[in-house]
Amino acid sequence: MTEPIRSPERPRVALFELASCAGCQLQILNCEDELVDLLQLVEFVYFKEAMTETSDHYDLALIEGSVTRESDEEKLRHIREKAALVVTLGSCAYPVGVPGLKNAHDPDEVGSLVYGEDAGFFPTIEAKPVDAVIPVDLHILGCPIHKDDFMRVLTALLIGKHPPVPTHAVCVECRLKENVCAFDRGLVCLGPITRAGCGALCPSYGSRCFGCRGLCDDPNVASMEVLLEEKGKTAEEIMAEYGLYNGYYARRDGGLKAKVAR
Amino acid sequence: MTGNGGSNGGAGGARTVEVNVDYVSRVEGHGNIVVVAENDLPTEVRFEVTEPPRFFEAMLRGRPYDQAPLITSRICGICSNGHVLASITAMEATLGITPTRQTKLLRRLLMHGETIQSHVLHAYFLVAPDFFDVGSVVPLAGTHPEVVKRALRLKKLGNDLCEVVGGRAVHQVAAVVGGFTHLPTPEALTAVRTRLVEAGGDLQETVTLFASLDMPAFSRPTEYLSLTYGEAGGDEAGGGEAYAFFGDHILSSEGGTIPVSDYRDKVRERVVAHSSAKHCAPGDGTATDTFMVGALARLNNGFDRLSDGAKAAAADLGFQPTCTNTFMNTVAQLIETVHCVEDSVMIIDRLLDEGLKAEPPEVEIRAGRGAGAVEVPRGTLYHEYAVDDAGLIVEANLIIPTGQNLANLEQDMWALAPQVLPQGKEKAQKAMEMLVRAYDPCISCSTHVIYLDGEGNESAGDDAGHSHRADHQGTGASGPEEVTA
């Protein structure tokens, strides 16, 4: 699905932000050791947080953030028309991340709780991932993205390769690090079903996996069921955790619930 | 050019000028400047925030207490650690937890790392291009490679300090309610200490560079707020007289302190129609009676507590408290950067000297309510929570520094406009943009926004801001529409 960037010389890159914390674009600026070289290889033509110049002509569109307004959808369709490649950055853009938490609440209540009687000034819609609105060529995952992952993907695109996307679960990376299992520490962990690529950072730091990278390919549901039973955890507990980052797909297609809680 | 709109009109009589900047660049998030003037006197001034509203206070409801730092840090990638620490502080107040001395020291180190990276990013990447008359740092990489490389080295140092303590620079994973789930190794602390010491040369060159830039002349006295400790020795980790990045009281430049738990008496939010970020005013809530938070406020309120190197940097940069020139906020940030580097070395020495010991976080869940605050790069950040006896969040209130500064920014814009409008539209526009940038606004952060009470019927800003009318330079001009009054 991913095509090499067509522009032969210096691809023009635009970075767009929807509802997000801007942490993923900050991760690009945090590539301190590579940034000067990177600017030789690509030309940033739209990056509001870092530059004044703007352009509507670009080869690669990087999109950070969730869709939370109808105007965001128009913006995305415009970007899709202009860009040869659309790559999303981070969990807000896919699978929906923290902005998707509001989907668990009545939208009117959400507005009035925050803005009171003035909620009408600030219309909002269900938070959606970018690929719910336009086709996306590639997702760079994580909350935030890892800067090495960003450089890896960009390098692959520049030389016309398909960037590698892990198909296995965080659990695999966690085992390789010989961590004590979060379930054995009494926690609920989404590592068994979440796509790898983060190096199991959170469980390695004494925490657990919150599923920020979305489901892995073919999550091993049978094994998850056995694990839950063994550890005395319920499907409801998993779903509550799953909703933290996956509050869009979790509410559709039966998603994980159909798989885990069947 | 980001400017659009604007017209020179007014046949014969008044000359009307509009200075509009749609989507100010080199700030975090989406904000627009609107200034309308007649005969060089402003008649309309607005800083519009059009960032998508994000409803964090609503989203927190029903989530477990320990996810509050994780969720609220996603308000802002730049000050994510600040949100983590404000959230932890408030949640510990809610649950009656007192952090250990080691935890306090590690938290201060984590905060310093973030302050260093944020201040350096702002001064070099967002502000400096204005003085070199370029649109971004990108052309500077060609014309002034040493400057850009130095900026990147310092920024990386701040980020790496965060990574040593928290596991990664953006959205750290080690600091939690009750303490830390992972401790840095002595080797990692020693290595980063060496780099902190070696950064002295880069810091000195930074001071020299910014001392050579002419900050625009401007003065508008306002109230400055920052954190402090209520009693000497309150900050056991810092010896009681630490420069106030943490604290349990709010200190006003106009005298007096109040406990952080009473923050609603001092910092009131109100909704204005042109901004998805709420505005804030001090207790009496008139629009002209605004206040400022951030590096300039902290320096004005706590200059004596700076490290020696930071005081020397202040002398080189020509900074003296009380400074009422908002543009000097960037200079204040650089002085703080020096302080953070020096204080970090001191903290690491203490940690290594005393030896790091495992202190597994202990939390006993109970129903409660509590508020906490920390000084993040852009100013005082307040979090307040109420949790039920299952540890689920039932209410949350978050007050972000940029939101607190917006009303003050608009008052500065009123004051700056007559000063720069006679220089022509283009210069006026640039001056206005530079003023906005001086605040280092974090607009995504500010559009979270307020929770009201359980019924959603009492805005914390309800009795604030009956008047948003500003009376400037005798024009009797009207400020932005106030919608809550």
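**Figure 1. Strands β14 and β15 of chain B, paired side by side.** Strand β14 of chain B, made of residues 379-387, pairs with β15(B) in the antiparallel sense, and the pairing runs over six bridges. The view is taken from a predicted model, as are the views that follow. Two pairs of facing residues help the reader to find the register: Tyr382(B) stands opposite Ile399(B) in β15(B), and Tyr385(B) stands opposite Ala396(B) in β15(B). The two strands form a hairpin with five residues between them, and in this hairpin Gly391(B) takes a positive phi near 85°.

**Figure 2. The three-stranded sheet of chain B and the helix that lies across it.** The strands of this open sheet follow the order β13-β14-β15 in chain B, with antiparallel pairing. Because β13 (368-376) and β15 (393-399) of chain B each have a single partner strand, they stand at the edges, and one side of each is left without a neighbour in the sheet. On average, and with direction ignored, neighbouring strands of this sheet are turned by 15° against each other. In a regular strand the side chains alternate between the two faces of the sheet. Although β15(B) is an edge strand, five of its seven residues are buried, so β15(B) is largely enclosed by the rest of the structure. Helix α13 of chain B, residues 401-420, lies across β13, β14 and β15 of chain B and runs at about 125° to β14(B).

**Figure 3. Ala415(B) within helix α13 of chain B.** This view stays with the helix of the previous figure and turns to a single residue, Ala415(B), which is found in helix α13 of chain B. Is Ala415(B) buried or exposed? Ala415(B) is buried, with 20 other C-beta atoms within 10 Å; the count matters here because a residue is called buried if 20 or more such atoms lie within that distance. Phe218(B) is 197 residues away from Ala415(B) along the chain, yet the C-alpha atoms of the two residues are separated by 8.8 Å. For chain B as a whole, 70% of the contacts between residues at least 6 apart in sequence join residues at least 24 apart.

**Figure 4. The largest nonpolar core, with residues from chains A and B.** This core has 217 residues, of which Ala61(A), Ile63(A), Ile335(B), Met413(B) and Met432(B) touch the most other members. Helix α4 of chain B, residues 101-131, gives the largest share of the core, with 14 residues. Domain 1 (12-158) and domain 2 (170-260) of chain A both give residues to the core, so the core lies between them. Which residues surround Ile335(B), once its neighbours within four places in sequence are left aside? Ile335(B) is in contact with Leu299(B), Leu306(B), Ala310(B), Ala313(B), Ala314(B), Leu317(B) and Phe319(B). In soluble globular proteins, nonpolar side chains tend to be buried together. Buried residues make up 60% of the 485 residues in chain B, a chain that has 15 helices and 15 strands.

**Figure 5. The contact between the two domains of chain A.** The domain assignment of chain A gives domain 1, residues 12-158, and domain 2, residues 170-260, and the C-alpha centres of these domains of chain A lie 25 Å apart. The contact takes 18 residues from domain 1 of chain A and 14 residues from domain 2 of chain A. On the side of domain 1 of chain A that touches domain 2 of chain A, the residues divide into ten nonpolar, six polar and two charged.

**Figure 6. Unusual backbone geometry in loops of chains A and B.** Most residues other than glycine have a negative phi, and most peptide bonds are trans. In chain A, a cis peptide bond joins Tyr94(A) and Pro95(A), with omega about 10°, and Pro95(A) has its place in the loop between α4 (90-93) and α5 (107-115) of chain A. Val96(A) also lies in the loop between α4 and α5 of chain A; its phi is near 155°, a positive value in a residue other than glycine, and Val96(A) is buried, with 30 other C-beta atoms within 10 Å. Another cis peptide bond, with omega about 5°, joins Cys143(A) and Pro144(A), and Pro144(A) is found in the loop between β5 (138-140) and α6 (147-158) of chain A. In chain B, Asp40(B) has a positive phi of about 70° although it is not a glycine. Asp40(B) has its place in the loop between β3 (31-38) and β4 (41-49) of chain B, and is partly exposed, with 15 other C-beta atoms within 10 Å.

Note on methods:
Residues are numbered from 1 along each chain as its sequence is written. Chains are lettered from A and ligands numbered from 1 in the order in which they are written. This is a predicted model: local features need pLDDT of at least 70, side-chain atom pairs count only at pLDDT 80 or more; totals for chains, interfaces and linings use all residues. Helices (H or I, at least four residues) and strands (E, at least two) are DSSP runs, numbered from the N terminus. A residue is buried if 20 or more other C-beta atoms lie within 10 Å of its own, exposed if 12 or fewer, and partly exposed in between; C-beta atoms are placed from the backbone. Two residues are in contact if their C-beta atoms, placed from the backbone, lie within 7 Å. Two strands pair if DSSP finds at least two bridges between them. Axes are lines fitted to C-alpha atoms, for helices over the stretch in contact, and angles run from 0 to 180 degrees between N-to-C directions. Domain bounds come from an automatic or database domain assignment. Ala, Val, Leu, Ile, Met, Phe, Trp, Tyr, Cys and Pro count as nonpolar, Asp, Glu, Lys and Arg as charged, and the others, Gly among them, as polar. A nonpolar core is a set of buried Ala, Val, Leu, Ile, Met, Phe, Trp, Tyr and Cys residues joined through C-beta atoms within 7 Å.
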